[in-house]
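Please look at the sequence and the structure shown here, and then follow the explanation below, which goes from single residues to strands and on to the protein as a whole.

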Amino acid sequence: MWSRTGRSAGGDAENPDCARVAYRAPTPAPAVALRLHAARVLVAASGELAYGQGTYTLHLTNPQTHQPIDDHGSYVTTYRRQADGSWKAIDDIAMSQTSPG
């Protein structure tokens, strides 16, 4: 995946609605669609680290065959608060629930 950045919306750190993170890809291709649904976002008591977990759907076109590829699964992303107060993804993992082939 790619690095993502975002900002805290403040409020109750255990409420996903109060800890939203905006995801940004580095110039996505027009034939790529990634949707993330954060089910849970927790911020450490120190306010320095957070993690988000949820599900994703991905649709893209194979550049060689021009055939569509659809994927879905779950993800966990770890964030570190930056000096300016923004959040930066420092690690993430995704697990596809789509069978290969």
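Which residues does Val32 touch, not counting residues up to four places away in sequence? In this model, which is predicted, Val32 touches Leu58, His59 and Leu60. Val32 itself lies in strand β2, and with a relative accessibility of 33% it counts as partly exposed, because that class takes in values between 20% and 50%. A further distance can be read for Val32, since its C-alpha atom and that of Asn62 are separated by 9.8 Å, while the two residues are 30 residues apart along the chain.

The next step is to see how the strands are arranged around these residues. Strand β2 covers residues 32-43 and strand β3 covers residues 49-61, and the two pair in the antiparallel sense over eleven bridges. Individual bridges can be found by looking across from one strand to the other: His37 has Thr55 in β3 as its bridge partner, and Arg40 has Gln53 in β3 as its bridge partner. Strands β2 and β3 belong to a hairpin that has five residues between the strands, and in this hairpin Gly47 takes a positive phi near 80°.

Ala39 offers another view of strand β2, in which it has its place. The C-alpha atoms of Ala39 and Gly54 are separated by 4.6 Å, although the two residues are 15 residues apart along the chain. Is Ala39 buried or exposed? Ala39 has a relative accessible area of 54%, and it is therefore exposed, the cut-off for this class being over 50%.

From strand β3 the reader can go on to strand β4, which consists of residues 68-81. Strands β3 and β4 run antiparallel and are joined by 13 bridges, and as an example of residues facing each other across strands, Gly52 stands opposite Thr77 in β4. These two strands also form a hairpin, here with six residues between them, and His66 in the turn has a positive phi of about 65°.

What is worth noting about the phi of His66, which is near 65°? The value is positive in a residue other than glycine, and this deserves a remark because most residues other than glycine have a negative phi. His66 is found in the loop between β3 and β4, and because its relative accessibility of 58% is over 50%, it counts as exposed.

With these details in mind, the reader can turn to the whole protein. Its secondary structure comes to zero helices and five strands, so that from the N terminus on the elements run β-β-β-β-β. Of the 101 residues in the protein, buried residues make up 19%. The protein exposes about 7,000 Å², and carbon and sulfur atoms supply 53% of this area. Among the contacts in the protein with a separation of 6 or more, 42% are accounted for by residues 24 or more positions apart.

A last point concerns the confidence of the prediction. The protein averages a pLDDT of 77, and 69% of the residues score at least 70. Over residues 1-27, however, the pLDDT is below 50, and in the model this stretch has 53 contacts beyond near neighbours in sequence.

Note on methods: Residues numbered from 1 in each chain as written. Predicted model: local features only at pLDDT ≥ 70, side-chain atom pairs only at ≥ 80, totals over all residues. Heavy atoms only, no water. Pairing = 2+ DSSP bridges. Helix = DSSP H or I, 4+ residues; strand = E, 2+ residues; numbered from the N terminus. Buried < 20%, exposed > 50% of the residue type's maximum accessible area, 1.4 Å probe, protein only. pLDDT = per-residue confidence, 0-100. Contact = heavy atoms within 4.5 Å. Areas by Shrake-Rupley, 256 points an atom, 1.4 Å probe, with all protein chains shown as cover.
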